[in-house]
Amino acid sequence: MKKCRRLFLYCLFFLFAAGPAQAGSGGKTGAGGTVVLYDNVFNEKGKNPEIILPASGIHFAKGGLQLTGRGQLVRLNKYYSLAARLVRYHVCFSADARAVFQSDQGDFKAYVDMVHKSISIQTKPETRKQVSFLNPGHDYLVEVHRDYQAAMFKLIDLHTGASDSITVTMDGTGGERAGAVGPGFSVGLQHDYYSFGLLEGAGICVKQMTVLSKACNLLLLIYGDSITEPEGYFPTADFPASWTQLVRQQIRGKVVTSGRGGCTIKEVLERIKNELPFVKAKYVMITIGTNGGNTEQNLSTLVEYIRSQGAIPILNNIPANESGSQVPVNAVIEKVRQKYKIKGARFDKATSLHFDGAVVDKITMWHEDYDFGQIYHHPNVKGSRLMYLQTLTDIPEIYE
């Protein structure tokens with residue numbers, strides 16, 4: 001009877017978190033998408049090639065993945081950057097366990113502390129909350145959510161149904177040093193691979209791991225680097241005025257972004273295969289190349305992959321920047337657009353002095369003041385507004 005009740009509670013919470021996001025989109029997109037990006041129930045067979053394990057202190061058992069080695073991480077070797085997603089673990093803890101659920105880059109870390117009966121997120125200062133219902137005899141769902149600038153860490157007791165959570169919100173500084181508009185508040189954007197581990201105590205047992213998007217059957221899926229991830233540097237108060245959010249606000253369908261600061265087309269090619277085939281989208285928009293790495297061949301590979309998934313590719317020009325490197329990059333992008341007869345927004349035009357794509361208009365960019373130079377390549381509120389307006393003229397069909 002208790003087992004049935006626990007199963008019922010688990011299903012209830014799964015449907016609560018994932019169910020509404022699976023709704024269709026009024027015929028505007030193709031059917032067949034799912035919010036479930038990855039799901040694995042761990043058992044004694046231990047055939048999980050996508051799981052990277054530490055050398056010792058871990059084994060697969062009938063009850064799940066038993067982790068007793070302290071200070072080591074287990075990693076899911078699947079790369080995700082959807083800005084609206086979550087990972088869910090079915091876990092039980094020893095009475096003295098302190099467990100961490102983090103990104104492999106360590107920019108985000110969240111903790112369950114059984115001894116002190118608390119959950120926390122690593123921020124400065126630390127964000128902590130007491131959780132009185134923690135009981136080593138119970139199973140729990142542990143969830144790590146990312147919703148653009150917001151991160152939520154949630155704990156659900158599968159025996160009693162009790163739950164609690166903490167939410168923290170990223171606040172970007174705008175520019176850097178002399179260009180900063182505020183002190184900011186760092187949360188971490190969960191780059192790049194989900195990981196978990198035991199820091200203190202006898203052990204934890206992870207029975208299931210599930211990664212979910214917060215939407216599927218999209219009208220538009222937007223890929224890129226930090227230019228497509230303004231949540232990392234935009235002040236929270238201004239974030240709704242970033243270009244990705246302006247597009248999301250105006251499109252009559254579901255839109256999700258998948259930006260990752262510092263990446264190149266190589267990383268886009270890697271993570272799109274873990275996201276697009278599952279969530280499905282009518283249009284896939286790419287803005288990539290500011291960090292180098294573009295070639296005609298890999299841009300062509302990306303376009304052809306998007307088409308193989310039944311989606312329409314949109315290949316944007318990258319914005320203007322202080323070094324002028326966008327000019328040759330955009331020449332290659334234009335060549336590929338012509339080759340496949342596809343569309344894209346002239347973001348270089350929107351952010352250049354004479355609207356010719358050549359010299360950056362610095363008032364459209366956040367000012368980043370570094371020892372090695374003055375950087376102007378992340379669109380600010382003005383630049384974002386002009387980029388959004390450029391999409392209205394260059395790719396109006398996404399707003400139909």
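Which strands each supply at least two residues of the lining of the largest cavity? Keep that in mind as you open this predicted model; the cavity is the first stop.

**Stop 1: the cavity**

Select strand E6 (84–93) and strand E7 (98–103): each of them gives at least two residues to the lining of the largest cavity. E7 has the largest share, with three residues. To see the whole lining, pick Val-87, Tyr-89, Phe-101, Gln-102, Ser-103, Phe-108, Val-144, Gln-190 and Tyr-194. The space they surround has a volume of about 30 Å³. How many cavities of 30 Å³ or more are there? The count comes to one. In case you wonder how such a space is found: rolling a probe the size of a water molecule over the atoms shows where empty space is left.

**Stop 2: the seven-stranded sheet**

Stay with E7 and bring in its sheet. Seven strands make up this open sheet, in the order E2-E5-E14-E7-E8-E9-E10, and they pair in the antiparallel sense. Walk out to the edges and you reach strand E2 (51–52) at one and strand E10 (127–130) at the other, each pairing on one side only.

Now zoom in on strand E5 (residues 72–76) and strand E14 (residues 194–200), an antiparallel pair held over four bridges. Click on Arg-75 and look across: what stands opposite it in E14? That's Ser-195.

**Stop 3: odd backbone spots around this sheet**

Here's a bit of background for this stop: most residues other than glycine have a negative phi, and most peptide bonds are trans. Now for some exceptions.

- Select Lys-124 and Pro-125: the peptide bond joining them is cis, with omega about 0°. Pro-125 sits in the loop between strand E9 (118–121) and E10.
- Next, try His-191 and Asp-192, which are also joined by a cis peptide bond, with omega about -5°. You'll find Asp-192 in the loop between strand E13 (163–169) and E14.
- Then pick Lys-117, in the loop between strand E8 (109–113) and E9. Its phi is positive, near 50°, and this is a residue other than glycine. Is Lys-117 buried, partly exposed or exposed? With a relative accessible area of 33%, Lys-117 is partly exposed.

**Stop 4: the four-stranded sheet**

Move along the chain to another open sheet, made of four strands in the order E17-E16-E18-E19, with parallel pairing. Strand E17 (255–259) and E19 are at the edges with a single partner strand each, so one side of each has no neighbour in the sheet. On average, neighbouring strands here are turned by 20° against each other, ignoring direction.

Highlight E18 and E19, which pair in the parallel sense over four bridges. One residue to click is Ile-286: its bridge partner in E19 is Leu-315.

Now show helix H3 as well. H3 lies across strand E16 (218–224), E17 and E18, and runs at about 170° to E16.

**Stop 5: Met-285**

Go back to E18 and select Met-285, which has its place in that strand. Why is Met-285 called buried? Its relative accessible area is 0%, and buried means under 20%. Turn on the side chains around Met-285 and you can see who it touches. Leaving aside neighbours within four places in sequence, its contacts are Leu-220, Leu-221, Ile-222, Tyr-223, Trp-243, Ile-314, Asn-316, Ile-395 and Ile-398. Take Tyr-223: this residue is 62 residues away from Met-285 along the chain, yet their C-alpha atoms are separated by 6.0 Å.

**Stop 6: helix H4 and its surroundings**

Select helix H4 (residues 296–308). Its 13 residues reach 18 Å from the first C-alpha to the last, close to the 18 Å expected at 1.5 Å a residue. Colour its buried residues: Asn-298, Leu-299, Ser-300, Leu-302, Val-303, Tyr-305 and Ile-306. What do they pack against? Their partners are helix H3 (265–279), strand E18 (281–287), strand E19 (312–315) and helix H5 (326–340). Just past H4 comes Gly-310, which has a positive phi near 80°.

**Last stop: Lys-341**

From H5, step into the loop between H5 and helix H6 (347–350), where Lys-341 lies. Lys-341 isn't a glycine, but its phi is positive, at about 55°. Show the surface and look for this residue: Lys-341 is exposed, with a relative accessible area of 74%.

Definitions and conventions. Residues numbered from 1 in each chain as written. Predicted model: local features only at pLDDT ≥ 70, side-chain atom pairs only at ≥ 80, totals over all residues. Heavy atoms only, no water. Expected span 1.5 Å × (residues − 1). Buried < 20%, exposed > 50% of the residue type's maximum accessible area, 1.4 Å probe, protein only. Contact = heavy atoms within 4.5 Å. Pairing = 2+ DSSP bridges. Axes fitted to C-alpha atoms, helices over the stretch in contact; angles between N-to-C directions. 1 Å grid on protein atoms, 1.4 Å probe; cavity = no way out; pocket = protein on both sides within 12 Å on 5 of 7 lines; lining within 4 Å. Points joined across faces, edges and corners; volume = space filled by probe spheres on them.
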